[in-house]
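Dear colleague,

I am handing over the structure we spoke about, and I have set out below what was found in it. Please read the notes with the sequence and the structure open beside them.

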Amino acid sequence: MTMPPRLRKLALVAHVTSSVGWLGAVVAFLALAVIGTTSQDPATVRGVYLVMEPTAWYTLVPLAFAALLTGIVQSLGTPWGLFRHYWVLFKLLINVVATVVLLIYMGTFRSMAHRAADPEAELSSVRDFSPVLHSVLALVVLLLAMALAVYKPRGVTPFGQRKQGAQREGRSAPGAVSVPQT
């Protein structure tokens, strides 16, 4: 079932906004992570790691879930569908895996914040390269998802092939709609 054009555009705006917001938040976290590993000022280093956990809970996690939810709504309400094209499935997989990794990584943010809050902790034990690595990997993965959305590489799933076959034969499979060619 496709959504009416106005609703489809609203869903697209919500999905693009949350996805680009997530990407921007990851870039900001990469900048914080680089500052935390390179700054010579102990207060700055501690401050970076103290701010990462709450900021992640209030930016990264909500944007990840918003991108996931709006992506599902967008795919179910458009001719692309959720299970018809491999690029849509890959985007879904990327989003789910990235969100799960983020939720698991929140424990690392918590432990880094606890170390940074301890005035007795050596600065070398507060510094952690892990956020740099995770931010770079997240950035690459999210850019890959964006490229998939823009280029929409060909490749129809077996489910999508059955739907297309039913359309070619002139019979309408339940929920079948034509898929735009771009």
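**A salt bridge and its surroundings**

Arg115 is partly exposed, since its relative accessible area is 29%, whereas Asp128, with a relative accessible area of 17%, is buried. Please keep in mind throughout that this is a predicted model. The side chains of these two residues, Arg115 and Asp128, meet in a salt bridge, with 3.7 Å from N to O, and the pair links distant parts of the chain, given that Arg115 sits in helix α3 while Asp128 belongs to the loop between α4 and α5, 13 residues apart. The count of salt bridges comes to one. As general background, side chains of opposite charge can pair when their charged atoms come close.

**The fold as a whole**

The secondary structure of the protein amounts to six helices and zero strands, and read along the sequence this gives the pattern α-α-α-α-α-α. The radius of gyration is 21 Å, which is well over the 16 Å that the globule rule gives for 182 residues, so the protein is more spread out than a compact globule. Along its principal axes, the C-alpha trace spans about 75 × 30 × 25 Å.

Of the 182 residues, 39% count as buried, and the protein exposes about 10,300 Å², of which carbon and sulfur atoms supply 71%. If one takes the contacts between residues at least 6 apart in sequence, 78% of them join residues at least 24 apart.

**The nonpolar cores**

Which residues have the most contacts inside the largest nonpolar core? They are Trp22, Tyr49, Met52, Leu60 and Phe109, in a core that has 29 residues. The elements that give two or more residues to this core are α1 (5-38), α2 (42-76), α3 (86-117), α4 (123-126) and α5 (130-151), and the largest share, nine residues, comes from α2. Apart from this core lies another one, of seven residues, among them Trp80, Leu82, Ile94 and Leu148. In soluble globular proteins, nonpolar side chains tend to be buried together.

Leu60 may be a useful residue to look at within the largest core, for once its neighbours within four places in sequence are left aside, Leu60 is in contact with Trp22, Ala25, Val26, Phe29, Thr55 and Leu102.

Thr70 offers another view of contacts made by helix α2, in which this residue is placed. With a relative accessibility of 16%, Thr70 counts as buried, and, not counting residues up to four places away in sequence, Thr70 touches Ala14, His15 and Ser18.

**Aromatic pairs**

A search of the whole structure finds four aromatic pairs, and two of these are described here. The rings of Tyr86 and Phe90 have their centres 6.2 Å apart and their planes at 25 degrees, which is under the 30 degrees used as the limit, so this pair is stacked. Both Tyr86 and Phe90 lie in helix α3, four residues apart, which is about one turn of the helix. Tyr86 counts as partly exposed at 35% relative accessibility, and Phe90 is likewise partly exposed, with a relative accessible area of 44%.

Are Tyr105 and Phe109 stacked or edge-to-face? The centres of their rings are 4.9 Å apart and the planes stand at 75 degrees, so the pair Tyr105 and Phe109 is edge-to-face. These two residues, Tyr105 and Phe109, also lie in helix α3, four residues apart, or about one turn of the helix. Tyr105 is buried, with a relative accessible area of 8%, and Phe109 is buried as well, with a relative accessible area of 4%. Together with Phe29, Tyr105 and Phe109 form one aromatic cluster, and Phe29 is also one of the residues in contact with Leu60.

**A separation along the chain**

Finally, Ser125 is found in helix α4, where this residue counts as partly exposed at 31% relative accessibility. The C-alpha atoms of Ser125 and Tyr151 are separated by 44 Å, the two residues being 26 residues apart along the chain.

With kind regards

Notes:
Residues numbered from 1 in each chain as written. Predicted model: local features only at pLDDT ≥ 70, side-chain atom pairs only at ≥ 80, totals over all residues. Heavy atoms only, no water. Core = buried A, V, L, I, M, F, W, Y, C linked by side-chain atoms within 4.5 Å. Buried < 20%, exposed > 50% of the residue type's maximum accessible area, 1.4 Å probe, protein only. Contact = heavy atoms within 4.5 Å. Phe/Tyr/Trp six-rings, centres within 6.5 Å; stacked < 30°, edge-to-face > 60°. Rg over C-alpha atoms; globule rule 2.2 N^0.38 Å. Areas by Shrake-Rupley, 256 points an atom, 1.4 Å probe, with all protein chains shown as cover. Salt bridge = Lys/Arg side-chain N within 4 Å of Asp/Glu carboxyl O.
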